[in-house]
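Please take a moment to look over the sequence and the model together before reading on. The paragraphs below go from one helix to its neighbours, and then to the aromatic rings.

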Amino acid sequence: MREYIDSSHILYYLYCILKDYTDEEEGHYISQTEILKLLKEKYDVEPDRKTVKKRLDDLVDLCPVTGIEIRHIPGKSGGYQMVSRQFKASEVKLLVDMVQSSESLKKKQKKQLGEKLLGFVSREQADEIR
């Protein structure tokens with residue numbers, strides 16, 4: 001028997017996965033199968049496929065409220081991607097560059113603040129900025 005999983009937790013986990021693993025670039029989306037795998041690996045939860053689909057649809061429907069656009073790419077080779085964020089990758093790069101060039105911050109502070117700023121973009125974009 002499958003253990004009960006709070007639906008609000010699933011919604012948050014899905015948001016985190018989309019934030020970390022997708023972005024607005026062409027082809028930077030994630031399939032539902034990959035999402036299920038990440039839910040198990042990262043959060044140790046195994047919701048059924050229908051629950052995940054429903055929560056993903058909820059995230060898409062919440063776009064006008066949150067201001068964060070999540071797109072569903074239909075089809076067998078489709079998936080989901082976060083296409084708008086609080087900051088664009090170019091804006092985060094500018095902020096990271098400004099932090100790194102600051103003379104008033106210590107090296108450790110620059111590194112910590114830079115990493116926090118990179119949390120606003122996908123992992124792939126963060127790697128490009130680094």
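**A walk through the model**

Phe-120 is partly exposed, because its relative accessible area is 29%. This value, like those that follow, comes from a predicted model. Phe-120 has a partner in Phe-87, which is likewise a residue to be called partly exposed, with a relative accessible area of 31%. The two rings form an aromatic pair of the edge-to-face kind, with 4.9 Å from centre to centre and 75° between the planes; the angle counts as edge-to-face because it is over 60 degrees. Phe-87 belongs to the loop between β2 and α5 (89–101), whereas Phe-120 belongs to the loop between α6 (107–118) and α7, so their pairing ties together parts that are 33 residues apart in sequence. The count of aromatic pairs comes to 3, and a single aromatic cluster is formed by Tyr-12, Tyr-13 and Tyr-43.

Tyr-13 leads us to helix α1, where it is one of the buried residues, along with Ile-10, Leu-14, Cys-16, Ile-17, Leu-18, Lys-19 and Asp-20. What, then, covers the buried residues of α1? The cover includes the helices α2, α3 (49–61) and α7 (123–129), together with the strands β1 (70–73) and β2 (79–82). The length of α1 can also be checked by a simple calculation, because at 1.5 Å a residue its 15 residues should span 21 Å, and the C-alpha atoms at its ends are indeed 21 Å apart.

After α1 (7–21) the chain enters a loop that comes before α2 (32–43), and Gly-27 has its place in this loop. Is Gly-27 buried, exposed or partly exposed? With a relative accessible area of 46%, Gly-27 is partly exposed, because this value lies between the limits of 20% for buried and 50% for exposed. Although Gly-27 and Ile-73 are 46 residues apart along the chain, their C-alpha atoms are separated by 10.0 Å.

Beyond this loop, α2 packs with α3 at an angle of about 105°, and the axes of the two helices are 11 Å apart. The helices are therefore roughly perpendicular to each other, a description that applies because the angle falls in the range from 65 to 115 degrees. On the side of α2, the residues that meet α3 are Gln-32, Thr-33, Ile-35, Leu-36 and Leu-39, while α3 brings Arg-49, Val-52, Lys-53 and Leu-56. Sorted by class, this contact has 5 nonpolar, 2 polar and 2 charged residues.

Terms used:
Residues are numbered from 1 along each chain as its sequence is written. This is a predicted model: local features need pLDDT of at least 70, side-chain atom pairs count only at pLDDT 80 or more; totals for chains, interfaces and linings use all residues. Side-chain values use heavy atoms; hydrogens and water are left out. Helices (H or I, at least four residues) and strands (E, at least two) are DSSP runs, numbered from the N terminus. Buried means under 20% relative accessible area, exposed over 50%, partly exposed in between (1.4 Å probe, protein chains only). The expected span of a helix is 1.5 Å times one less than its number of residues. Contact means heavy atoms within 4.5 Å. Axes are lines fitted to C-alpha atoms, for helices over the stretch in contact, and angles run from 0 to 180 degrees between N-to-C directions. Angles under 35 degrees count as roughly parallel, over 145 as roughly antiparallel, 65 to 115 as roughly perpendicular and the rest as oblique. Ala, Val, Leu, Ile, Met, Phe, Trp, Tyr, Cys and Pro count as nonpolar, Asp, Glu, Lys and Arg as charged, and the others, Gly among them, as polar. Rings of Phe, Tyr and Trp (its six-membered ring) pair if their centres lie within 6.5 Å; planes under 30 degrees apart count as stacked, over 60 as edge-to-face and the rest as tilted.
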